[in-house]
Amino acid sequence: MSVTGLEIELITRFEDFKALVPEWRSLCSRCPSCTPFHSPEWLLPWWKHFGFGDLWVHAVRSRGRLAGLAPLFIHPYEDSQTVRQLSPLGIGITDYMDFLVEPELTAPGTAAI
């Protein structure tokens with residue numbers, strides 16, 4: 001999908017999520033709001049040890065470069081068999097769970113997600 005020139009890639013497989021690590025680290029270096037809780041070193045192990053349900057990660061690309069990341073997952077809501085909830089990776093033990101978007105693309109990147 002393309003919104004205002006941005007491409008959105010939906011990632012649902014852990015292997016594809018891990019493959020973003022080099023670009024993800026570069027994105028962190030361009031985002032002043034990036035904390036250790038946004039990093040692959042935190043979120044990949046979090047998913048491996050605490051994650052459940054289905055990955056639902058949105059990678060925002062601008063001219064092919066990773067410009068934003070929304071690490072989310074879908075899981076059953078409480079004990080429901082039919083209702084599902086969308087939550088950020090890191091929920092429960094992470095201090096910062098917002099999306100990571102390059103500063104100059106904050107508004108369009110967030111809107112695209």
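The paragraphs below lead through a predicted model, from one helix and the cores to a sheet, its loops and an internal cavity.

Helix α2, which spans residues 21–30, is a convenient place to begin, and its buried residues are V21, W24, L27 and C28. When the helix is viewed down its axis, these buried residues fall within an arc of 115°, so they line one face of α2. On the other side of the helix, P22 and S29 are exposed. The cover over the buried residues of α2 is contributed by several elements, including the helices α1 (14–18) and α3 (40–50) and the strands β5 (65–70) and β8 (100–101).

From this helix the reader can turn to the nonpolar cores. The largest nonpolar core has 20 residues, and within it F17, W24, L69 and L89 touch the most other members. At least two residues of this core are supplied by each of α2, α3, β4 and β5. W24 thus appears both among the buried residues of α2 and among the core members with the most contacts to other members. The surroundings of L69 can be followed in detail: leaving aside residues up to four places away in sequence, L69 touches F17, L20, W24, L27, V57, H58, A59, F99 and L100. Two of the buried residues of α2, W24 and L27, are therefore found among these contacts of L69, if contact is taken as heavy atoms within 4.5 Å. Apart from the largest core lies another one, made up of seven residues, among them I8, V60, A67 and V101.

The next element is an open sheet of three strands, arranged in the order β3-β6-β7 with antiparallel pairing. Its edge strands are β3 (54–55) and β7 (84–88), each of which pairs on one side only. Between β3 and β6, the latter covering residues 72–76, the antiparallel pairing runs over two bridges, and the partner of D54 in β6 is I74.

I74 comes up again in the surroundings of W56, a residue in the loop between β3 and β4. With a relative accessible area of 30%, W56 is partly exposed, because partly exposed residues are those between the 20% limit for buried and the 50% limit for exposed. When residues up to four places away in sequence are not counted, W56 touches L10, I11, T12, A70, L72, F73, I74 and L86. As for its position relative to P40, which is 16 residues away along the chain, the two C-alpha atoms are separated by 15 Å.

Two further loops deserve attention for their backbone angles. Most residues other than glycine have a negative phi. R63, in the loop between β4 (57–62) and β5, nevertheless has a positive phi, near 55°. E78, which is found in the loop between β6 and β7, likewise has a positive phi, of about 50°, although it is not a glycine. R63 counts as exposed at 84% relative accessibility, and E78 also counts as exposed, at 62%.

The last feature is an internal space. The model contains one cavity of 30 Å³ or more, and the volume of the largest cavity is about 80 Å³. This cavity is lined by 13 residues, of which F37, H38, L43, P71 and D98 are the closest to its centre.

Terms used: Residues numbered from 1 in each chain as written. Predicted model: local features only at pLDDT ≥ 70, side-chain atom pairs only at ≥ 80, totals over all residues. Heavy atoms only, no water. Buried < 20%, exposed > 50% of the residue type's maximum accessible area, 1.4 Å probe, protein only. Helix = DSSP H or I, 4+ residues; strand = E, 2+ residues; numbered from the N terminus. Arc of directions from axis to C-beta. Pairing = 2+ DSSP bridges. Core = buried A, V, L, I, M, F, W, Y, C linked by side-chain atoms within 4.5 Å. 1 Å grid on protein atoms, 1.4 Å probe; cavity = no way out; pocket = protein on both sides within 12 Å on 5 of 7 lines; lining within 4 Å. Points joined across faces, edges and corners; volume = space filled by probe spheres on them.
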